[in-house]
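Work through the exercises below with the sequence and the model at hand. Each task is followed by a stepwise solution.

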Amino acid sequence: PRVISWRLDQPNFKLPAHFKLEMEKAHSIGGVVQNERGKPIESANVVLIIRGSSMGGMVEEVFDDIWEERVKTDNEGRWHFDEAPSNLNSLSISLEHPDYVSNENLSEIPPHEAFQRRTAVLIMKKGVPCKGDVTDEAGRPISGVTVTFGESGSGSISFPSVSTDQKGHFEFKALQLEEECLKPIITFTANDFAPETLELQPSMEP
């Protein structure tokens with residue numbers, strides 16, 4: 001996938017009468033997702049972003065456009081994505097699985113060659129379980145509340161989220177509550193109720 005963008009608000013710029021968009025033949029990338037003990041993780045989502053500007057100019061940009069594409073691992077933890085460009089300089093990855101810390105951009109990823117050989121090893125970590133109950137002011141449980149680990153309105157759809165059951169109960173199996181984590185906040189939203197937020201502390205009991 002590629003995008004061309006024209007800045008029509010720039011003075012003296014006119015759309016070209018003809019434009020030739022060169023499409024690159026897609027390449028396959030892949031690897032394996034494991035836990036910290038080296039065991040493969042089945043049904044994990046590998047979330048890929050490959051979206052980098054060509055820096056061709058202020059008025060015309062052509063760039064690859066892969067945004068939060070999700071690829072699921074098989075029973076051996078392996079995955080592949082067959083629409084990647086040859087240039088992976090803008091590659092960023094996050095991982096999703098209900099039993100592990102999810103949705104964080106991996107700060108360190110294997111070399112690009114490992115992805116191109118489909119041998120890149122990605123590690124998911126165990127996190128802190130978090131569960132609770134949501135009620136109204138009278139103490140009645142509220143079902144269908146969306147509970148999101150993160151601030152509401154963050155602009156991304158990739159934050160972990162669960163819903164309360166008929167008894168108002170919710171549970172995350174693995175959250176990242178380390179002290180260097182920036183504001184570990186849970187947001188609660190539901191129809192007919194004002195949203196609420198709760199900032200978690202690393203010292204809280206699970």
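pLDDT is the predictor's confidence in each residue, from 0 to 100. Helices (H or I, at least four residues) and strands (E, at least two) are DSSP runs, numbered from the N terminus. The model is predicted: local features need pLDDT of at least 70, side-chain atom pairs count only at pLDDT 80 or more, and totals for chains, interfaces and linings use all residues. Residues are numbered from 1 along each chain as its sequence is written, and side-chain values use heavy atoms, without hydrogens and water.

**Exercise 1.** State the confidence of the chain, and find the elements with the lowest and highest mean pLDDT.

Step 1. The chain has a mean pLDDT of 88, and 88% of its residues reach 70 or more.
Step 2. Among the elements of the chain, the lowest mean pLDDT, 87, belongs to strand 4 (residues 60-64), and the highest, 98, to strand 2 (residues 27-35).

**Exercise 2.** Derive the strand order of the open sheet formed by four strands.

Step 1. Two strands pair if DSSP finds at least two bridges between them.
Step 2. Strand 10 (residues 146-149) is antiparallel to strand 11, with three bridges; here Val147 stands opposite Val162.
Step 3. Four bridges link strand 10 to strand 13, also antiparallel, and Phe149 lies opposite Ile186.
Step 4. Strand 13 (residues 185-189) is joined to strand 14 by four antiparallel bridges, where Phe188 has Glu196 as its bridge partner.
Step 5. The order is 11-10-13-14, with antiparallel pairing. Strand 11 (161-163) and strand 14 (196-199) are the edges, each pairing on one side only.
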